Amino acid sequence: MTLSHIISSITTQFLPALHYKYVFKNFKQSDLYRSYNPSVVPDYLQGRPKETILHCLHRQGANNKFVREDIVHVHMENFEVKGKKGSYTVNFGDQSHDPHCTCRDWLTFHLPCKHFFAIFHHFPDWNWEKLPKHYLMPPYLSADSEAIAEYISGTQKSSAEHSINLEDTLQDHPESNYSEIPRKVRYNSFMLSDCFEDGGKVS
Ligand SMILES: [Zn+2]
């Protein structure tokens, strides 16, 4: 295989395949692909990546380990949350700074930890919406809306071509057609609780 063949393969097959994978994964994370039982997954988590939803539900489940007296609102976006192993500093961040917590969980995942959820629970004015807009954007807490739009556009284009001439479409554009939009799947609480059993408890 020559160098030009390798470059051609990368640009015409490998990179488009990677791009398609990114687009489709983002579509799968959107609420256009599936929605979750609202009695299990709150509104602010709907349409977010599945891993993010499970992460947050685990931490939210630890709310009963904190009482209001464990939390001190130090100043503005700064809080101190007392846990069994010590106190943790929680900061909601702002337009130019990410939120953060000094616990190991935050340092590992960079996603809201149980200390954030304890604040959400006991200080209703300091909720999910108080997190900076830039932090709520892709890739951590939201699917890429442009990728979702591209997927839908590609699917509609594929459907149109399909209806014009199925045979030509299959021969001329075998790689470029996005698959059909899957039916919406509603995850029920049973399926989510199955995930929790393997995920371990948040201590
Ligand atoms: Zn924390």
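Let's call two residues in contact if their C-beta atoms, placed from the backbone, lie within 7 Å. Residue numbers start from 1 along each chain as its sequence is written. This is a predicted model, where local features need pLDDT of at least 70, side-chain atom pairs count only at pLDDT 80 or more, and totals for chains, interfaces and linings use all residues.

Start with helix 2, residues 50-60 (helices are DSSP runs of H or I with at least four residues, strands are E runs of at least two, and both are numbered from the N terminus). Its buried residues pack against strand 1 (34-36), helix 3 (104-109) and helix 4 (114-122). Those residues are Ile53, His55, Cys56, Leu57 and Arg59. Buried here means 20 or more other C-beta atoms within 10 Å of a residue's own; exposed means 12 or fewer, and partly exposed is in between, with C-beta atoms placed from the backbone.

Now step back to helix 1, residues 3-29. With 27 residues at 1.5 Å a residue (times one less than the number of residues), helix 1 should span 39 Å, and its end C-alpha atoms are 37 Å apart, which agrees. In helix 1, the buried residues are Val23, Asn26, Phe27 and Gln29.

Then there's the sheet: four strands in an open, antiparallel arrangement, ordered 2-3-4-5. Strand 2 (71-75) and strand 5 (100-101) are the edges, each pairing on one side only (pairing takes at least two DSSP bridges between two strands). Strand 2 is joined to strand 3 (residues 78-83) by four bridges, and Ile71 has Val81 as its bridge partner. His75, also in strand 2, is exposed, with 7 other C-beta atoms within 10 Å.
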